[in-house]
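Please describe the architecture of the protein shown below, with attention to its sheets, its core and its backbone irregularities. A report in running text, with one small table, would be welcome.

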Amino acid sequence: MHSKKDIKWGILGCGKIAHKFAKDLKFVPNAKLYAVASRDLKKGQRFANVYHASSFFASYEELAASPEIDVIYIATPHVFHYEHTLLCLNHKKAVLCEKPFAMNLSQVEEMITTAKKNNVFLMEALWTYFLPHYQYVLDIVTSKELGSIKKLKADFGFTTTFDPKSRIFNKKLGGGSLLDVGIYPLFAALSTIGYPEDIKASATIGKTGVDENCTIQLHYKNGVTASLFSTITKKTDTQAILEFENGSILINSRFHEPSSVTITKNGTSELIEFDVTTNGYNFEAIHVQEMLLDNRIESNIMSFEKSLQLINLLDAVREKIGLHYT
């Protein structure tokens, strides 16, 4: 069992999101960034210097094999999550792996099986789940303070310069809007309403073979619906609106990161703000450490079942829009 003094983190991959995570790790009690790994040694060294990591490695294998490390945050592109997670799990390292967990259901199932076999912790880094404003919304949903949900509308879109070699547009790197940002509206539906009875989806497939935008309609029992949209070609409101029997909740832009909530009931609206001064990745890191201290191999919030449901949804939508990765 870990003591509260010794949670040593490793970061595998030193891209943009790794910088945000490392910056927030400084605000996690009893956390220490012990080592980072990049296949570009100079890049890894610079990263380690900026965030005061004790060590840096030029290979992911060295990081996974380091006896000092308790848990590894995987921050590589989608297509490598499966490979890198298995590498770490088979070295008995706990893993927090960026979303999407992997490219398809069979990969996620093997990752979970491997975690169980090695008796080590594994969680998909769906950081939104742990943010104060989102937990606040989920409490209202669960308590039925505003009655039952009738409808959800959520979107996530941003404009990016077309570059066929970039992660966003490169099919070999799992590019496209669905896996990159469409996962957030889907997660919003899954976490507030549940798994749908019927899925409809359409998309614009660009010249590199990835979805440049994706429109999804989810249908549930009793006529409840979720209207979801993602795009990498234009900026959208990036809000989530939940309509209930007795009011509504607007999760203000950008809903997937630290934000505010507007609650409307009886004709009156109230803005509720949350005092979050970090990027927000510290909340999931705190949770991971709590799970490690409890000797768990699975999160009691972002559980294996939640990740299986989410990848099932992603696979189903990809099938509907004809998007296949090799």
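Which residues have the most contacts inside the largest nonpolar core? They are Trp 9, Leu 33, Leu 186 and Ile 249, in a core of 110 residues; a nonpolar core here is a set of buried Ala, Val, Leu, Ile, Met, Phe, Trp, Tyr and Cys residues joined through side-chain atoms within 4.5 Å. Helix α7 gives the most to this core, with 10 residues. In soluble globular proteins, nonpolar side chains tend to be buried together.

The model is predicted, so that local features need pLDDT of at least 70 and side-chain atom pairs count only at pLDDT 80 or more, whereas totals for chains, interfaces and linings use all residues. Residues are numbered from 1 along each chain as its sequence is written, and side-chain values use heavy atoms, with hydrogens and water left out.

**The first sheet**

Helices (H or I, at least four residues) and strands (E, at least two) are DSSP runs numbered from the N terminus, and two strands pair if DSSP finds at least two bridges between them. On these terms six strands form an open sheet in the order β3-β2-β1-β4-β5-β6, with parallel pairing. Strands β3 (55–57) and β6 (122–125) stand at its edges with a single partner strand each, so one side of each is left without a neighbour in the sheet. From one strand to the next the twist averages 25°, where axes are lines fitted to C-alpha atoms, for helices over the stretch in contact, and angles run from 0 to 180 degrees between N-to-C directions.

Within this sheet, β1 (residues 7–12) and β4 (residues 71–74) pair in the parallel sense over four bridges, and Trp 9, already named among the core residues with the most contacts, stands opposite Val 71 in β4. Four bridges also join β4 to β5, which run parallel, and the bridge partner of Ile 74 in β5 is Cys 97. Five of the five residues of β5 are buried, buried meaning under 20% relative accessible area, exposed over 50% and partly exposed in between (1.4 Å probe, protein chains only). Ala 94, Leu 96 and Glu 98 point one way from β5, while Val 95 and Cys 97 point the other way. Helix α1 (residues 16–25) lies across β1, β2 (31–37), β4 and β5 (94–98), and runs at about 165° to β1; contact in such packing means heavy atoms within 4.5 Å.

**The second sheet and helix α7**

Eight strands form another open sheet, in the order β8-β9-β10-β7-β11-β12-β13-β14, with mixed pairing. Its edge strands are β8 (198–205) and β14 (268–272), each of which pairs on one side only, and the twist averages 10° from one strand to the next. Strands β7 (residues 149–157) and β11 (residues 240–244) pair in the antiparallel sense over five bridges, with Ile 241 in β11 as the bridge partner of Lys 153. Helix α7 packs on the sheet by touching β7, β9 (211–219), β10 (225–231) and β11, and its direction makes about 160° with that of β10. Helix α9 (residues 304–321), for its part, lies across β8 and β9 and runs at about 55° to β8.

Why is α7 described as largely enclosed by the rest of the structure? The reason is that 16 of its 16 residues are buried. The 16 residues of α7 (residues 177–192) should span 22 Å at 1.5 Å a residue, the expected span being 1.5 Å times one less than the number of residues, and the end C-alpha atoms are 22 Å apart, which agrees. The helix nevertheless bends by about 50° at Ile 183, with Pro 185 following within four residues; the bend at a residue is the angle between axes fitted to the seven residues ending there and the seven starting there. Just after α7, Gly 194 takes a positive phi of about 115°.

**Backbone irregularities in loops**

Two cis peptide bonds and two positive phi values at residues other than glycine are listed below.

| Site | Backbone value | Loop |
|---|---|---|
| Lys 99–Pro 100 | cis, omega about -15° | Pro 100 between β5 and α5 (105–118) |
| Ser 253–Arg 254 | cis, omega near -5° | Arg 254 between β12 (247–251) and β13 (261–265) |
| His 52 | positive phi, about 60° | between α2 (41–51) and β3 |
| Asn 119 | positive phi, about 55° | between α5 and β6 |

Of the residues with positive phi, His 52 counts as exposed at 63% relative accessibility, and Asn 119 counts as exposed at 57%.
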